[in-house]
Amino acid sequence: MKRQIPLIIVITLGFMFVAHSFIPHTISQDFLTWFQDWMKAISPFAVVLGIMSLFMVHGKKISYKAPNWQYSIVTLAGLIFTALTGFIWGTQAGTPYMWIFKNIQMPMSSTMFALLAFYIASAAYKAFRARSPEATVLLVAAIIVMLGQVPLGTMISKWIPISSKWILNVPNLASKRAIMIGVGLGMTATSLKILLGIERTYLGGGD
Amino acid sequence: MNGKIIAFFDKMQKLDRRYIYLMVALSIIIPLVIPFNSPTFTSETTENIYRKIDSFAGDPTKAVLLSFSHDASTMPELFPMEVSVLRHCFERNVRIFTICWSPAAAPLMEHAINTAKENYDVTSGVDYVNFGYKPNSLFLPIVLGMGEDISEAIDTDSQGRKIKNLDIMKEIKNYDDMNLVIDFSGGGAALSWVTYARAKFGVNVAAGITAVMVADYYPYLQTGQLIGMFRGLKGAAEYEKMVDVFASYETDEYPNGRPFSKEVIKNVKVPITKSTIIYIEDGVEFDTGIPLNYKYKVARIGMNAQSVAHIMIIVFIILGNIGFFLTRKKDNL
Amino acid sequence: MFEIISNTVAAFFTLSIFSFLYKDNPFYKFAEALFVGVSMGFAIPLVYENAFIPFVYTPIFLGHKFSLIIPSLLGLLYTFRFSKNLSWLSRYPIVFGMGIVGMGVPMSIHSSVLVQMRSAMLPLDTVNTALIFIGTVTILLYFFFSKDHKGVYGKFTNVGVWFMMIGFGASFGYTVMARISLLIGRIQFLVGDWLGFIK
């Protein structure tokens, strides 16, 4: 029963939504409004899950004094402190909460991704090799596209942006479209499997 | 001699990666610190967004929705796009809404609005509304709900005000009026708008995306499911220039900006090393006297560094391959 | 002055993350740990203000819409996710949101499959439309694994491989561009906003 009832809910709601897509009736609209209100009321509680999970992982590390456990204290202290500033002084611009976001969270978040520029440059030098005709085509296409994006490329030759545009609009388009049709069919199949109760992994383990 | 060259490349092959990192950093720092003027060529994918927004100019029955589906990690690429679009709307009196789906996007959205509106006399609730942060689990209910009634689906704005009581909403009810959605993301978020809002209500969707996603979005451009696309930092740079050339233009004939023209954008240059907007056409300079703030040219300055860095990476690929083939030849001997 | 202090703090954390390029070190570890905590902590007040207050508290306690107590209780069931015996209760809020996949079936077939196929079936009046057609079909054939890629069929799928390589090349070129752009953003902050060298 612990699995059957949730499954029945998914299947019933799922087919009601299939019907909703095709039937523009007021009952169908009322159903959507009801669903919206309920989803809105459920939505804030999902964050509790994230907090609990973080506390459990880092709490365990601290209590077992796992390697680098001191950093777990930093994580939890950061969490509590940031949340408290938001509750005490509010979340508007100019508050300590926004200061933390702007000067701590935001710079670190962008810098994490900026690191990748260094890695891709190092890989360009050490790993991108024209080992086969296919790899050569890949590299040549990449070089033309890279040059086509910057003013310098256009200044070298007007053919560079023209070739880059052609690569993107013809062979690239064909390849992305074929992959997308495949993915689209796969996603539809997965959705159908969920609707029909064949795919159940979202229920998690246990009975 | 040959042996020496091979030995050199052999050594270069084993170069410590930290030297490469240093070169990457320098290739970006130098062009940023010593700025130079390079042309910005606009492309159709960006022009289409500009023209669509411009067609709403001064019309109280039309509006644009900006959806911020990203966090700070992709900000260098997406933020200049957002500021340019907001600036375009404020210049040309286009009503604009903003919304986001994750907590981390809320302050970025606020920051983009504040950055753009500093130089304009615009009021929240009249010229624009920030719908604020809505939990991601409400994405579909809200996207579908807005097809019927935006006020109902959104309910309250970022300041907790009831949307339906706001001035801006008087003549705007659903996607028939809010006929353009631009989603800014580093992933496939714009495609959700295509799948639901476009397919069900026929709304025009455009995407502001990081360059990583650009190649993947091309099929949607060809089918017309996307009316336009910002292609990474370059897209932002293109839009900055279009706003400078058309929306900021002020003469007796066009007191509030001039209409888009392909000829004009092709021929006019706007130097970024100057502190005012200057048009250079066929060698003739015209100084508008309008300040060209750093925040309005940040993407174009960035593109200078982008040029140098791309050339450097291409040189890396070529050098790496020469070394690879030479050392392989040596091993085969 | 306040601006300088704020930018210096931001620069400190930016450089702490960059220090990983040299090698792993306590500054990086500290910044990374703090980043995880601050990111989560940041979400809590916003969810409370933008979701809990308008969608739960206001309608129930001020609007007296008592039926919403049911979904709120459903939402609370999330917390049983980590309980050994009661974790099955957390399935209810999950499955409630899952139902909307019903909408996804007709919609995603429409935009990702039907519209795309329609555009692939345009009259082949130019070389480019013919090439797009050939590319799309040969790649779809390549992903059909139930038949050996040999003989004439293998030749077709091989054409598909070349198209894909050009497509991957385009993606790779753009990926390089994106990574560089992100670094440009950070350096604009360090060199411009913090040190004031960019005018």
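Domain bounds here come from an automatic or database domain assignment. The model is predicted: local features need pLDDT of at least 70, side-chain atom pairs count only at pLDDT 80 or more, and totals for chains, interfaces and linings use all residues. Residues are numbered from 1 along each chain as its sequence is written, chains are lettered from A and ligands numbered from 1 in written order, and side-chain values use heavy atoms, with hydrogens and water left out.

**Exercise 1. Locate the domains of chain A and state how far apart their C-alpha centres lie.**

Step 1. Read the bounds. Domain 1 of chain A covers 4–89, and domain 2 covers 117–184.

Step 2. Take the C-alpha centres of the two domains. They lie 40 Å apart.

**Exercise 2. Describe the interface of chain B and chain A.**

Step 1. Count contacts (heavy atoms within 4.5 Å). On chain B, 53 residues are in contact with 46 residues of chain A.

Step 2. Get the buried area, the accessible area (1.4 Å probe) that two parts lose on being put together, summed over both. It is about 4,700 Å² between chain B and chain A, and carbon and sulfur atoms give 71% of it. B:Tyr21, B:Tyr218 and B:Ile317 supply 12% of the area that chain B buries against chain A, more than any other three residues.

Step 3. Look for salt bridges (a side-chain nitrogen of Lys or Arg within 4 Å of a carboxyl oxygen of Asp or Glu). The count between chain B and chain A is 1. A:Lys176 and B:Asp216 form a salt bridge, at 3.6 Å from N to O.

Step 4. Add polar contacts. Each is a pair of N or O atoms within 3.5 Å; within protein, one must be able to donate a hydrogen and the other to accept it, and residues adjacent in sequence count only if both atoms are side-chain atoms. Between chain B and chain A, 10 residue pairs qualify, both residues at pLDDT 80 or more.

Step 5. Assign the chain B side to elements. Helices (H or I, at least four residues) and strands (E, at least two) are DSSP runs, numbered from the N terminus. Among the helices of chain B that supply at least two residues each are H1 (2–13), H2 (17–33) and H12 (298–332). H12(B) gives the largest share, 14 residues.

Step 6. Sort by class. Ala, Val, Leu, Ile, Met, Phe, Trp, Tyr, Cys and Pro count as nonpolar, Asp, Glu, Lys and Arg as charged, and the others, Gly among them, as polar. The side of chain B that touches chain A has 31 nonpolar, 13 polar and 9 charged residues.

**Exercise 3. Do the same for chain C and chain A.**

Step 1. Contacts: 104 residues of chain C touch 108 residues of chain A.

Step 2. Area: about 9,900 Å² is buried between chain C and chain A, with 82% from carbon and sulfur atoms.

Step 3. Polar terms: the interface of chain C and chain A has 1 salt bridge. A:Asp37 and C:Lys65 form a salt bridge, their closest N and O atoms 3.2 Å apart. Polar contacts join 14 residue pairs across this interface, both residues at pLDDT 80 or more.

Step 4. Elements: helices H1 (2–18) and H7 (151–194) of chain C are among those giving two or more residues. H2(C) gives the largest share, 26 residues.

Step 5. Classes: 71 nonpolar, 25 polar and 8 charged residues make up the side of chain C that touches chain A.

**Exercise 4. Place B:Thr195 and find what it touches in chain C.**

Step 1. B:Thr195 sits in helix H8 (residues 189–201) of chain B.

Step 2. Apply the accessibility classes: buried is under 20% relative accessible area, exposed over 50%, partly exposed in between (1.4 Å probe, protein chains only). B:Thr195 counts as buried because its relative accessibility is 11%.

Step 3. The B:Thr195 side chain reaches the backbone oxygen of B:Leu191 at 2.7 Å. Beyond neighbours within four places in sequence, B:Thr195 is in contact with C:Met107, C:Ser108 and C:Ser111.

**Exercise 5. Which salt-bridge partner does B:Glu238 have, and are both residues buried or exposed?**

Step 1. B:Glu238 pairs with B:Lys234, the closest N and O atoms being 2.6 Å apart.

Step 2. Both residues lie in helix H10 (residues 232–247) of chain B, 4 residues apart, about one turn of the helix.

Step 3. B:Glu238 and B:Lys234 are both buried.
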